[in-house]
Amino acid sequence: MKFEHLLSPMKVGNKVYRNRIVSAPMAFGLIVQNPDAREFSYRKLEGPARGGNACVIVGETDVNFVDAVRIPGFRPFDFAKPEEDMETFNAVAEYAKRIKRHGAIALAELVHCGKEKVPYRPEEECIGPVETVNLAGIKARPMTKDDMDRIANDFATAAVYMKKAGFDGVLIHGGHGFIFTQFLSPLMNTRTDEYGGSLENRGRFPKQILKAIREAVGDDFLIELRIDGTDHQPGGITPEETGEFVKSVEEYITSVHVTCGIYEESVKSGTESSMFHPHGLNIEPASIVKSYTSLPVGAVGGINSPEMCEEAIASGKIDFVILGRQMLADPEFTKKCMAGEEDRIRRCLRCYKCFPGSPEEGYDDLPFSSEELALYVGHCTINPLAHLPFDPDALPDPKKSANVLVIGGGVAGLQTAITAADRGHKVTIAEKSDKLGGLLYFTDVDIDKPDLRNFKNMLIREVERRDITVKLNTDVTPEYIKDTAPDAVILATGSTPSCPPVKGIENAHQAMAIYDQTIDCGKKVVMIGGGLVGCEAGLYLQKTGHEVTVVEMLDRVANESFGMYREALVWEMEKTGMKSMPKTKCLEIKPDSVTVENADGVQTLEADTVLYALGMRTVDSSALEAAAKEIGAEVFTVGDAIKPGKVDQATRSGYLAGVDIAK
């Protein structure tokens with residue numbers, strides 16, 4: 001067996017995990033109070049269980065509705081009296097039922113956000129270890145002993161609720177700057193009583209919570225602990241202190257999930273790692289924690305490779321892996337490992353499509369309210385089946401096997417072809433260039449895009465695995481369509497860079513030209529246009545020895561992005577010394593300089609090379625569409641042929657077109 005350690009069973013408490021792959025908490029547990037959210041939430045959790053994972057964990061469930069609840073919109077109820085709200089109880093129990101029917105262990109995550117609380121109703125308040133003001137500007141009052149006793153009981157009561165609902169255990173969220181971290185961290189906990197100072201004192205309340213849960217649920221129930229190996233704050237939690245704390249609570253818990261960071265600085269501290277963080281960033285801290293305990297220890301964070309999983313377990317650094325976003329990208333990760341088909345895994349990009357951040361974290365540029373975000377969480381850039389509003393397994397078969405012509409071999413065209421072939425259609429891809437992959441050819445060069453490159457190559461491999469005809473160097477014309485007479489035509493003709501009327505534009509090169517090696521950039525580079533293309537292309541140049549200045553007319557660079565991804569990108573640009581000039585207009589481009597204007601007046605920027613990234617435009621496919629309709633073919637437009645967009649639009653529109661052919 002190729003991944004013998006990863007796929008071997010493991011004893012946790014009184015349970016046997018069928019392998020070493022655990023799904024990290026996903027979906028807000030109580031989102032199923034909303035009938036409209038239930039089915040896609042259940043599918044989100046059931047998918048990895050069906051896909052072979054040993055354990056699947058339902059996401060955050062706040063232990064009370066006074067000072068614990070983090071996301072608004074949930075209907076308060078009493079965990080001690082499930083009979084008073086059987087609709088909620090049955091909806092939560094359905095999670096466990098669907099997970100367990102596929103042979104996986106079902107856990108529910110319990111959480112109290114402490115000082116990160118934003119009160120949404122008059123009866124709610126914000127409390128923490130000490131008096132402070134959180135990122136949202138909310139004042140937190142210091143907790144009393146009565147508060148601690150009440151909250152410990154809340155955790156215990158919620159755990160009993162989950163046991164009654166059919167779960168095999170609970171995962172206690174002890175990381176990310178929530179209540180456990182707030183007490184364990186010497187930075188956050190500056191109390192001078194018996195709950196502050198030494199590690200023993202700082203761990204007193206977290207230990208009280210775990211003890212209360214164990215006493216309430218008995219010995220035959222799993223209690224797993226998610227905890228920071230490090231919070232990545234100078235003077236904060238260390239893996240050694242975490243190990244000492246874990247050792248002190250061994251009698252109450254059954255395994256340890258090592259994470260990192262704090263909620264207030266999610267990107268920078270790695271709670272949700274970006275593509276600029278190393279993969280598996282918590283494996284080494286977890287190995288230190290493991291040296292302090294005999295309990296199984298796992299690591300979560302940026303793991304998308306079975307090869308990395310196998311090596312980490314085989315070397316004894318950890319006992320199991322916890323995969324979060326990867327399970328959205330490909331819930332069949334485990335099955336593909338078992339079949340030796342690891343090259344078919346859609347490996348997570350860490351692009352934050354699934355969770356872009358929240359208003360409570362200080363992201364004020366999100367196109368969502370907190371309530372809308374709770375419903376949105378779980379989309380995926382590279383998995384078009386994630387968060388679908390319908391069950392793909394319930395789709396009716398097409399009315400016939402159609403002859404399908406896909407015009408364009410970019411992501412949208414490839415995904416359409418794969419989906420259409422899987423539904424029994426005869427598919428031909430006609431691609432104008434000499435290779436498949438479309439605009440993602442740049443990933444073969446860009447040093448920050450190995451996962452996106454893998455996705456592009458995986459799509460190509462998936463096409464090759466199927467009986468799909470691929471015609472490269474084929475420029476489809478209206479006559480071609482009439483001659484071949486397909487039953488369905490997919491317009492996946494993509495987009496091309498815009499060339500704006502800037503004075504001296506002939507002295508500049510389009511930004512994407514740096515990837516096909518048609519130009520040789522000098523040391524000093526000025527990038528006109530600070531959208532995503534300009535910023536990411538500029539970052540690649542900055543990291544490969546150039547000095548890049550990005551000029552952008554809008555108030556900020558990467559304006560079409562938001563939340564965590566934009567923060568990660570801009571932070572990476574700043575770390576590398578790349579310069580940004582927002583609110584700046586390009587007046588003229590000369591062979592060795594660029595004249596710009598902003599609030600400081602007119603300036604001249606020296607440049608060895610000038611590049612521009614000033615938008616994309618859809619390729620005109622109206623003549624092709626007319627020809628297809630003339631012969632009575634079904635016509636579908638996908639990806640950038642709809643409008644210039646991102647990879648997620650390409651995959652989703654391609655999938656939907658594939659299932660709609662001959663519907």
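Begin with the second largest pocket of this predicted model, which holds about 1,200 Å³ of space. To find its centre, select Pro331, Glu332, Asn383, Leu385 and Pro392, which lie nearest to that point among the 45 lining residues. Next, colour the elements that give two or more residues to this lining: helix 1 (35-50), helix 11, helix 12 (333-338), helix 14, helix 15 and helix 20 (647-660). Helix 1 provides the largest share, with eight residues. Colouring the lining by class shows 21 charged, 17 nonpolar and seven polar residues.

Two of the helices just coloured, helix 14 and helix 15, form the next stop. Two packed helices are described by the angle between their axes and the distance between the axes. Select residues 411-422 for helix 14 and residues 450-465 for helix 15; their axes are 10 Å apart and the packing angle is about 35°. The crossing of helix 14 past helix 15 is left-handed. To display the contact, show the side chains of Val411, Leu414, Gln415 and Ile418 on helix 14, together with Phe455, Leu459, Ile460, Glu462 and Val463 on helix 15. This contact comprises seven nonpolar residues, one polar residue and one charged residue.

Proceed to a second helix pair. Select helix 3 (residues 145-164) and helix 6 (residues 204-217), whose axes come within 8 Å and cross at roughly 35°. Which hand does the crossing of helix 3 and helix 6 have? It is right-handed. On helix 3, the contact is made by Lys145, Met148, Asp149, Ile151, Ala152, Phe155, Ala156, Ala159, Val160 and Lys163. On helix 6, the residues to display are Phe205, Gln208, Ile209, Ala212, Ile213, Ala216 and Val217. Sorted by class, the contact of helix 3 with helix 6 has 13 nonpolar residues, three charged residues and one polar residue.

The tour now turns to enclosed space. How many cavities of 30 Å³ or more does a search of the whole structure find? The search finds five. The largest cavity contains about 670 Å³ of space. To centre the view on this cavity, select Pro25, Arg226, Glu272, Arg325 and Phe355, the closest to its centre of the 37 residues that line it. Then highlight strand 3 (21-26), strand 4 (55-62), strand 13 (320-323) and helix 11 (325-329), each of which supplies at least two lining residues. Helix 11 also contributes to the lining of the second largest pocket. By class, the lining of the largest cavity consists of 17 nonpolar, twelve polar and eight charged residues.

For the second largest cavity, with a volume of about 90 Å³, select Cys348, Cys351, Cys354, Cys380 and Thr381. These residues lie nearest the centre of this cavity, which 14 residues line. Its lining divides into nine nonpolar, two polar and three charged residues.

The final selection is Ile505, in the loop between strand 18 (495-497) and strand 19 (509-510). Is Ile505 buried or exposed? Ile505 is classed as buried because its relative accessible area is 15%, under the 20% cut-off. Leaving aside residues up to four places away in sequence, Ile505 touches Cys499, Pro500, Ile589 and Tyr612. To end the tour, draw a distance from Ile505 to Arg98: their C-alpha atoms are separated by 59 Å, and the two residues are 407 residues apart along the chain.

Technical notes: Residues are numbered from 1 along each chain as its sequence is written. This is a predicted model: local features need pLDDT of at least 70, side-chain atom pairs count only at pLDDT 80 or more; totals for chains, interfaces and linings use all residues. Side-chain values use heavy atoms; hydrogens and water are left out. Axes are lines fitted to C-alpha atoms, for helices over the stretch in contact, and angles run from 0 to 180 degrees between N-to-C directions. Helices (H or I, at least four residues) and strands (E, at least two) are DSSP runs, numbered from the N terminus. A crossing is left-handed if the near helix is turned anticlockwise from the far one by less than a right angle, and right-handed if clockwise. Contact means heavy atoms within 4.5 Å. Ala, Val, Leu, Ile, Met, Phe, Trp, Tyr, Cys and Pro count as nonpolar, Asp, Glu, Lys and Arg as charged, and the others, Gly among them, as polar. Buried means under 20% relative accessible area, exposed over 50%, partly exposed in between (1.4 Å probe, protein chains only). On a 1 Å grid over the protein atoms alone, a cavity is a set of points where a 1.4 Å probe fits but cannot get out, and a pocket is an open set with protein on both sides within 12 Å along at least five of seven lines; lining residues have an atom within 4 Å of a point. Grid points are joined across faces, edges and corners, and a volume is the space filled by probe spheres set on the points.
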